[in-house]
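Could you walk me through this fold, starting from the whole chain and ending at single residues? I'd like to see how the pieces fit together.

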Amino acid sequence: MTNETTHKLVVDGHVHLYPCFDTARFLTAAQTNLAAAAHRYGAGAGALLFTETARDNAFDALKDGTLLPPGWQAEGVADDPALMLRSEQGGLPLIIVAGRQIQTRERIEVLALASDAPVPADGTALAEVLAALAADGVPAVLPWGVGKWMGNRGRIFTQTFAQTPGLFAGDNAGRPVGWPAPALFADHPVLPGTDPLPYSGAETNVGRYGFVLEAPVALSRPGAAIRAWLAGLTASPPSFGRRTGPTGFAVGQARMRMG
């Protein structure tokens, strides 16, 4: 990668590249959507924080070229969990950052960001997952989800945030406009992202919602730089974009169930 630096990044903090997605459309949409935010905030590149399930390995497939569409080029270094993607047509450079999504024993999702190291298996207890990620210095996020922050799981969220320093909350574009934010959002850093749903066509939403990383980032090792910035984050960064409306929420949920 180049040693060039950029003073800001616009970041989609919760991204899946599902097998049902068209990868060329995914990358073009991400570049276009992030470019709008980059222009507004004076950013020099956009970043997608991948949060892949145990079934998915899109980051590795982009890295080895098997998933990379014609017209795109990827650069990376061996000791950094990120790729720099550039389109032959020009436009905003895209940083793809490795990361995982873990489903805990309590049916709570944990996002492990900016790391390509192995993570605890699905079904591991939440406390064990968070302890393992903390021991490896991997930023962890508990993302919002429909119905997932209520009832018994809501009590687990409250207790876990109180007992886990440095834990992030995650907002996503699927939380309808007007839907009240969880109370925990007021007391903990929140990282927004699109969290696209797993149906064909949803890939065009990637990059529409996220946050601004205002510190200089070395593009030679962007994954390490993003991870270090997250480690020092104590307040919610500025966000960009707009969440879905009630109609879009209902349509998305129906499309996901239809497959």
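Here is a tour that goes from the overall build to the sheet, then to some side chains.

Keep in mind from the start that this is a predicted model. The protein chain holds 6 helices and 14 strands. Its radius of gyration comes out at 17 Å, close to the 18 Å that the globule rule gives for 259 residues, so the chain is as compact as a globular protein of that length. If you box up the C-alpha atoms along the principal axes, you get roughly 50 × 40 × 35 Å. Of the 259 residues, 52% are buried. Take the contacts between residues at least 6 apart in sequence, and 67% of them join residues at least 24 apart.

Now for the sheet. It is an open one, built from 7 strands in the order 4-5-6-3-2-12-14, with mixed pairing. Strand 4 (72-76) and strand 14 (239-241) sit at the edges, each pairing on one side only. Going from one strand to the next, the twist averages 30°. Within this sheet, strand 2 (residues 9-15) and strand 3 (residues 45-50) run parallel and are joined by 5 bridges. If you want a spot to look at, find V15, which stands opposite F50 in strand 3. Remember F50, as it comes back below.

Two helices are worth adding to the picture. Helix 1 (residues 23-41) packs on the sheet and touches strand 2, strand 3, strand 4, strand 5 (82-87), strand 6 (94-97), strand 12 (209-213) and strand 14, with its direction at about 125° to that of strand 3. Helix 5 (residues 222-231) lies across strand 2, strand 3, strand 5, strand 6 and strand 12, and runs at about 90° to strand 12.

Next, the aromatic rings. Searching the whole structure turns up 8 aromatic pairs. One of them is F26 with F50, an edge-to-face pair at 6.3 Å centre to centre and 80° between the planes. F26 belongs to helix 1 and F50 to strand 3, so this pair ties together parts that are 24 residues apart in sequence. Both F26 and F50 are buried. A second edge-to-face pair is W149 with F185, at 5.7 Å centre to centre and 85° between the planes. This one also links distant parts of the chain: W149 is in the loop between strand 9 (140-143) and helix 4 (151-163), while F185 is in the loop between strand 10 (168-172) and strand 11 (190-193), 36 residues apart. W149 and F185 are both buried too. Back at the F26 and F50 end, ring pairs link Y18, F21, F26 and F50 into a cluster.

What does E203 touch, if you leave aside its neighbours within four places in sequence? It is in contact with F21, D22, R25, F26 and A29, and F21 and F26 are members of that ring cluster. E203 is placed in the loop between strand 11 and strand 12. Its relative accessibility is 0%, and since buried means under 20%, E203 counts as buried. A polar atom of the E203 side chain lies 3.0 Å from the backbone nitrogen of D22.

L62 is another residue to click on. It is found in helix 2 (residues 58-63) and is buried, with a relative accessible area of 1%. Not counting residues up to four places away in sequence, L62 touches L17, T23, F50, L67, L68, A74, L83 and I96. So F50 turns up here again, among the contacts of L62. L62 and T23 are 39 residues apart in sequence, yet their C-alpha atoms are 9.6 Å apart in space.

Finally, look at strands 9 and 10. They run parallel and are joined by 3 bridges, and the bridge partner of V141 in strand 10 is F168. Strand 10 is mostly covered, with 5 of its 5 residues buried. The cover is on both faces: F168, G170 and N172 are buried on one side, and A169 and D171 on the other. For contrast, try G137, in the loop between helix 3 (126-135) and strand 9. G137 is partly exposed, with a relative accessible area of 44%. From G137 to L92 it is 45 residues in sequence and 30 Å in space, C-alpha to C-alpha.

Key: Residues are numbered from 1 along each chain as its sequence is written. This is a predicted model: local features need pLDDT of at least 70, side-chain atom pairs count only at pLDDT 80 or more; totals for chains, interfaces and linings use all residues. Side-chain values use heavy atoms; hydrogens and water are left out. Two strands pair if DSSP finds at least two bridges between them. Helices (H or I, at least four residues) and strands (E, at least two) are DSSP runs, numbered from the N terminus. Axes are lines fitted to C-alpha atoms, for helices over the stretch in contact, and angles run from 0 to 180 degrees between N-to-C directions. Contact means heavy atoms within 4.5 Å. Buried means under 20% relative accessible area, exposed over 50%, partly exposed in between (1.4 Å probe, protein chains only). Rings of Phe, Tyr and Trp (its six-membered ring) pair if their centres lie within 6.5 Å; planes under 30 degrees apart count as stacked, over 60 as edge-to-face and the rest as tilted. A polar contact is a pair of N or O atoms within 3.5 Å; within protein, one must be able to donate a hydrogen and the other to accept it, and residues adjacent in sequence count only if both atoms are side-chain atoms. The radius of gyration is taken over C-alpha atoms; the globule rule is 2.2 Å times the number of residues to the power 0.38.
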